[in-house]
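Hello,

Here is the structure I promised to pass on. Please have a look at it first, and my notes follow below.

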Amino acid sequence: MPKIKTNRSAAKRFEKTGSGKFRRRRKNLRHILTKKNAKRKRRLGQATLVDRTNESAVRRLLPYV
């Protein structure tokens, strides 16, 4: 079997945790920040896990992670 190429854009966005799940950044922290309250911006700055329904898609993009 030939090697599978890693999707480079996905490789920059996701990283694997010790338990085998994928960590991702949250969206909505790039612009239009004046109308978002401090609590929301603080929460958006923290990383979160990829949802279980999307995990198989991320795994397909990153075969060797």
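I will start with R23, which counts as partly exposed because its relative accessibility is 33% (buried means under 20% relative accessible area, exposed over 50%, partly exposed in between, with a 1.4 Å probe and protein chains only). Before going further: this is a predicted model, in which local features need pLDDT of at least 70 and side-chain atom pairs count only at pLDDT 80 or more, while totals for chains, interfaces and linings use all residues. Residues are numbered from 1 along each chain as its sequence is written, and side-chain values use heavy atoms, with hydrogens and water left out.

**Salt bridges**

How many salt bridges does a search of the whole structure find? There are two, a salt bridge being a side-chain nitrogen of Lys or Arg within 4 Å of a carboxyl oxygen of Asp or Glu. One joins the side chains of R23 and E15, at 2.8 Å from N to O; E15 is partly exposed, at 44% relative accessible area. The other links E55 with R59, whose closest N and O atoms are 2.7 Å apart. These two residues sit four apart in helix α3 (residues 52-61), so about one helical turn separates them. E55 counts as buried at 16% relative accessibility, whereas R59 is partly exposed at 37%.

**The sheet**

Three strands make an open sheet in the order β1-β2-β3, with antiparallel pairing. β1 (15-16) and β3 (48-49) are at the edges with a single partner strand each, so each has one side without a neighbour in the sheet. Strands here are DSSP runs of E with at least two residues, and helices are runs of H or I with at least four, numbered from the N terminus; two strands pair if DSSP finds at least two bridges between them. β1 and β2 (residues 22-24) are joined by two bridges, and K16 stands opposite F22 in β2.

**The loop between β2 and α2**

Two residues to check in your torsion plots are N28 and I32. Phi is positive in N28, near 75°, and also in I32, near 55°, although neither is glycine. N28 lies in the loop between β2 and α2, and so does I32. Both count as partly exposed, N28 at 40% relative accessibility and I32 at 47%.

**Helix α2**

Helix α2 covers residues 38-44 and contains K39, which counts as exposed at 63% relative accessibility.

Best wishes
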